[in-house]
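User: I would like a close look at one small part of this structure, with its surroundings described in some detail. Please take a single residue and work outwards from there.

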Amino acid sequence: MDASGRRLGKARLPEGVTGMARLHAMVGEHAGDDDEVEVLVGIETDRGPWVQALVAAGYTVFAINPLQASHYRTRHGVSGAKSDAGDAHALADMVRTDAHQLRPVAGDSATVEAVKVVTRTHKTLIWERTRHTQRLRHALRDYFPAALVAFEDLDAADTLELLAKAPTPGEARRLTVSQISAALRRARRRDVPAKAAAIQTALRAEHLGQPDVVTGAYAVSVRALLAVLAVLNEQVKTLQGQVEEHFGRHPAAKIVLSQPGLGQVLGARVLAEFGDDPDRYTTAKARKNYAGTSPITRASGKKRTVAARFVHNDRLVDALMTQAFSALQASLGARAYYDRQKARGANHNAALRQLANRLVGILHGCLKTGSLYDETTAWSHHVEQVAA
């Protein structure tokens, strides 16, 4: 499509190098010998080989949110009809008319892209471990409730070992103190004798159960869940090392780690989700809007409401809210800011979200100036209030 909206060509391109070569040929056919021609591309993703190849070719690539594209499609028709050709036309027209309103794909470095890959996989495995732990909990509640009393952490190494050795109530009652103690020592637990005695007592207590054939079926299922959890524990630990290694190579790691509430893993997640393109966030407000921590104001006539953002990067918000919670203990200024929001009537989640929003602004300033976090500079007003 040219600047006037006239369609210059149409094709369905295959994946891979073949499709990219054909796209370059189509562009070259219409551009001719004009080396100054600007090619704008609209695409509904900001990652993947195609995006990287388009950016490397010198095209200006706009990653358009699918929700934006869906709303824009209604400008071309209200019937609700949808097709790949129609979507492509809408994206091309959107880039042609509203390029000044769109954000080009961020020019993140390969280093931060690598951090993003390992941090996202690490977090995904943690979520999967939580899901499998909940499945194990539900299964034990149905046929082996004594295990829920005996073991506090179902995904802990000693719990997995003992449940794998005795997955039924009958087998668990036969576990000796020495067997339980050995598992606790291998898991590096403290106060082993007392804990072993408490676990044995809990496993031998009377509880309602299931028929033997049903109990046997549950035991088979639980063994499978235990095997999956053991692998997940191992891979989560392995990937944590990779996260720390990749994050440590990034030049902004020291600045990120200087922020209150951020450690190696959480800091890596925050950096990965924000990216490191220095031109992506022109202001602290832009970074806060992307983070989803800043509020949305809706004003129409005499009505004005301020609400939290619910459309955001879930991984980034999860990391920022965790940082805010940790910062309550790590920073006097952060605690004073949180208490101030609570005094104004905000509940815990709202106050924590506002603190996260403030921390994003502090991080933005540190990254822009290349300076480490300073408690006095960041929270001088609030620290003075607490000191008074």
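Analyst: What follows starts at serine 331 and moves out to the nonpolar core and then to a hairpin.

This is a predicted model, with a mean pLDDT of 89 over the chain and 98% of the residues reaching 70 or more. Among the elements of the chain, helix 12 (residues 253-257) has the highest mean pLDDT, 96, whereas helix 18 (residues 375-387) has the lowest, 67. Where pLDDT is low, the predicted coordinates should not be read in detail.

Serine 331 sits in the loop between helix 15 (314-330) and helix 16 (332-343). Because its relative accessibility is 2%, against a cut-off of under 20%, serine 331 counts as buried. Its side chain reaches the backbone nitrogen of glycine 333 at 3.3 Å, and the side chain of serine 331 also makes a polar contact, at 3.5 Å, with the side chain of tyrosine 373. When residues up to four places away in sequence are not counted, serine 331 touches Pro260, Tyr373, Glu375 and Trp379.

Two of these names, Pro260 and Trp379, return in the surroundings of leucine 359, which, leaving aside neighbours within four places in sequence, is in contact with Pro260, Gln323, Ala324, Ala327 and Trp379. Leucine 359 and Trp379 are both among the residues with the most contacts inside the largest nonpolar core, which has 40 residues; Val270, Phe274, Leu320, Leu355 and Ile362 are also in that group. Several helices each supply at least two residues of this core, including helix 15 and helix 16, as well as helix 12, helix 17 (348-369) and helix 18. Helix 17 gives the largest share of this core, namely ten residues. A second, separate core has 28 residues, among them Ala146, Leu162, Ile180 and Val222.

The hairpin of strand 3 and strand 4 offers another setting to look at. Strand 3 (residues 296-300) runs antiparallel to strand 4, and five bridges join the two; in one of the pairings, isoleucine 296 has alanine 307 of strand 4 as its bridge partner. Two residues lie between the strands, and in this hairpin glycine 301 takes a positive phi near 65°. Strand 4 (residues 303-307) lies largely in the open, because the number of buried residues among its five is zero, whereas serine 331 counts as buried.

How values were computed
Residues are numbered from 1 along each chain as its sequence is written. This is a predicted model: local features need pLDDT of at least 70, side-chain atom pairs count only at pLDDT 80 or more; totals for chains, interfaces and linings use all residues. Side-chain values use heavy atoms; hydrogens and water are left out. Helices (H or I, at least four residues) and strands (E, at least two) are DSSP runs, numbered from the N terminus. Buried means under 20% relative accessible area, exposed over 50%, partly exposed in between (1.4 Å probe, protein chains only). A polar contact is a pair of N or O atoms within 3.5 Å; within protein, one must be able to donate a hydrogen and the other to accept it, and residues adjacent in sequence count only if both atoms are side-chain atoms. Contact means heavy atoms within 4.5 Å. Two strands pair if DSSP finds at least two bridges between them. pLDDT is the predictor's confidence in each residue, from 0 to 100. A nonpolar core is a set of buried Ala, Val, Leu, Ile, Met, Phe, Trp, Tyr and Cys residues joined through side-chain atoms within 4.5 Å.
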